[in-house]
Amino acid sequence: MKTENQKQDITPVINIDKIKLTQKESYNALLSGNREWVNKRLKDDPDYFKKLSKGQSPEVLWIGCSDSRVPANEVTNTQPGEVFVHRNIANVCAHSDMNMLSVLDYAVNVLKVKHVIVAGHYGCGGVAAALSNKQFGLIDNWLRHIKDVYRLHSHELDRITDHETKVNRLVELNVVEQAYNLCKTTIIQNAWKERTDLEVHGWIVDINTGLVKDLKVTNNDSQNLGYVYELDLAANGAH
Ligand SMILES: [Zn+2]
């Protein structure tokens, strides 16, 4: 029978037992890694987790890329409890994304963070994919947000011939536009009417050096959002 032949063809190439073993190893490594981390923390401070469990008061909201090479705490050398984090592919801030808006609202209005940082990174796979015309599946709809950024800046980007330079410039422009998107939300605009200690920033992490580049697009009031986006104070006074 044909199925018998197929079995014979497949068996020498894929060793299921070996795969299972590798999967088990990488999974167990996470659990033993966790125990090592707990032991190290307790060695430094026996009350570490007792203190951590009391609550959080981070001053920073990090909105970064899901890429495994740009973890917020490691990049900023901060500890658990110091940075509230939201990550998605290519650090997109879409005003219709309930997940992002919920994180932003909680961070701004409950935790009262002082800094909201949109953090992109050079060599971003999501941004590179958005630059191509290939179909990748469902993600194409998410990457559309980045294609829209391209369209806004096509006069500049069309002139760049080197592919890597073009990806990295779009990475920067994407961060600028996503930070701007945050500023346009009712959440940020209403917060700015109530307090002066809230800043929105745009950063790039250079994964070749580990260093952060501040794009200097920091904003702390609604005045320069433009007449289309600047909103009046809500009728009930705030939000
Ligand atoms: Zn990325």
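1. Start with the H5/H10 contact in this predicted model. On the H5 side, the residues involved are Leu101, Leu104, Asp105, Val108 and Asn109, and they meet Ile187, Ile188 and Ala191 of H10. Sorted by class, the residues of this contact come out as 6 nonpolar, 1 polar and 1 charged.

2. Now the geometry of that pair. Helix H5 covers residues 98–110 and helix H10 covers residues 186–194; their axes come within 10 Å and cross at roughly 10 degrees. Angles under 35 degrees count as roughly parallel, and H5 and H10 are therefore roughly parallel to each other. As for handedness, the crossing of H5 and H10 is right-handed.

3. H7 and H9 are the other helix pair I'd look at. The axes of helix H7 (residues 139–152) and H9 also come within 10 Å, and here the crossing is roughly 100 degrees. That value makes H7 roughly perpendicular to H9. From H7, the contact uses Ile146, Val149, Tyr150 and Leu152, while H9 brings Leu170, Leu173, Asn174 and Glu177. The class count for the contact of H7 with H9 is 6 nonpolar, 1 polar and 1 charged.

4. On to the sheet. Its 5 strands form an open sheet in the order S2-S1-S3-S4-S5, and the pairing is mixed. Strand S2 (83–88) and strand S5 (212–214) are the edge strands, each pairing on one side only. Going from one strand to the next, the twist averages 25 degrees.

5. H9 has a second role in the picture, since helix H9 (residues 163–184) packs on the sheet. There H9 touches strand S3 (115–121) and S4, and the direction of H9 makes about 160 degrees with that of S4.

6. A closer look at the S5 end of the sheet: strand S4 (residues 199–205) pairs with S5 in the antiparallel sense, over 3 bridges. If you want a residue pair to click on, try Val205, whose bridge partner in S5 is Val212.

7. Last, the overall picture. The protein has 10 helices and 5 strands by secondary structure. Its radius of gyration is 22 Å, well over the 18 Å that the globule rule gives for 239 residues, so the protein is more spread out than a compact globule. Measuring tape aside, the C-alpha trace spans about 75 × 55 × 35 Å along the principal axes of the protein.

Conventions:
Residues numbered from 1 in each chain as written. Predicted model: local features only at pLDDT ≥ 70, side-chain atom pairs only at ≥ 80, totals over all residues. Pairing = 2+ DSSP bridges. Helix = DSSP H or I, 4+ residues; strand = E, 2+ residues; numbered from the N terminus. Axes fitted to C-alpha atoms, helices over the stretch in contact; angles between N-to-C directions. Contact = placed C-beta atoms within 7 Å. Parallel < 35°, antiparallel > 145°, perpendicular 65-115°, else oblique. Left-handed = near helix turned anticlockwise from the far one by under 90°. Nonpolar A, V, L, I, M, F, W, Y, C, P; charged D, E, K, R; others polar. Rg over C-alpha atoms; globule rule 2.2 N^0.38 Å.
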